[in-house]
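Please look over the sequence and the structure shown here before reading the short report that follows.

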Amino acid sequence: MSTTTFELAATSSEVLNVIAAFAGGLFIAGALVWAVQFGMRVMDRELPHPSPEEQPKLPEGGPVRELREMREPDEVPRSEGGERLMPYDLRHASSKRGEDQKRKRWLPGSSGSFGSGGLGHV
């Protein structure tokens, strides 16, 4: 084989590579166009977005505020006669409203943090 044949084979493979890349690009572009059209058809079948009149409104008294209260643990009731407790025998929350609603504050002279070596609450 002469060098001309090798040059011709090399150029023909380059042309085939370009054609394959172009065809692959067309395929990907077509798939993207199809996907966008499919998505638009799906969105057309969905329920419309709510109008401004259907949006939620604030209550008459204004926004609801959070309630701050001191909680204390609620003891588990003792079973009577050695019978086991059933879930409906227990209360809904594991804590209850505390008797003392004053917030506990740091006292000067007491321990400032865990492991500080202080005396603790005096």
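## Surface and burial

The accessible surface of the protein chain amounts to about 12200 Å², and 61% of this surface belongs to carbon and sulfur atoms, with areas taken from the Shrake-Rupley method with a 1.4 Å probe, where for residues only the protein chains shown count as cover. This is a predicted model, in which local features need pLDDT of at least 70 and side-chain atom pairs count only at pLDDT 80 or more, while totals for chains, interfaces and linings use all residues. Residues are numbered from 1 along each chain as its sequence is written, and side-chain values use heavy atoms, with hydrogens and water left out.

Of the 122 residues in the protein chain, 4% are buried (under 20% relative accessible area, against over 50% for exposed and in between for partly exposed, with a 1.4 Å probe and protein chains only).

## Secondary structure

The protein chain has one helix and two strands, which follow the pattern α-β-β along the sequence; helices (H or I, at least four residues) and strands (E, at least two) are DSSP runs, numbered from the N terminus. Helix α1 covers residues 3-45 and includes I19.

## The surroundings of E72

E72 belongs to strand β1, which spans residues 71-73, and counts as partly exposed because its relative accessibility is 29%. Beyond its neighbours within four places in sequence, E72 is in contact with S95, K96, R97, G98 and E99, where contact means heavy atoms within 4.5 Å. The C-alpha atoms of E72 and G98 are 5.3 Å apart, although 26 residues separate the two along the chain.
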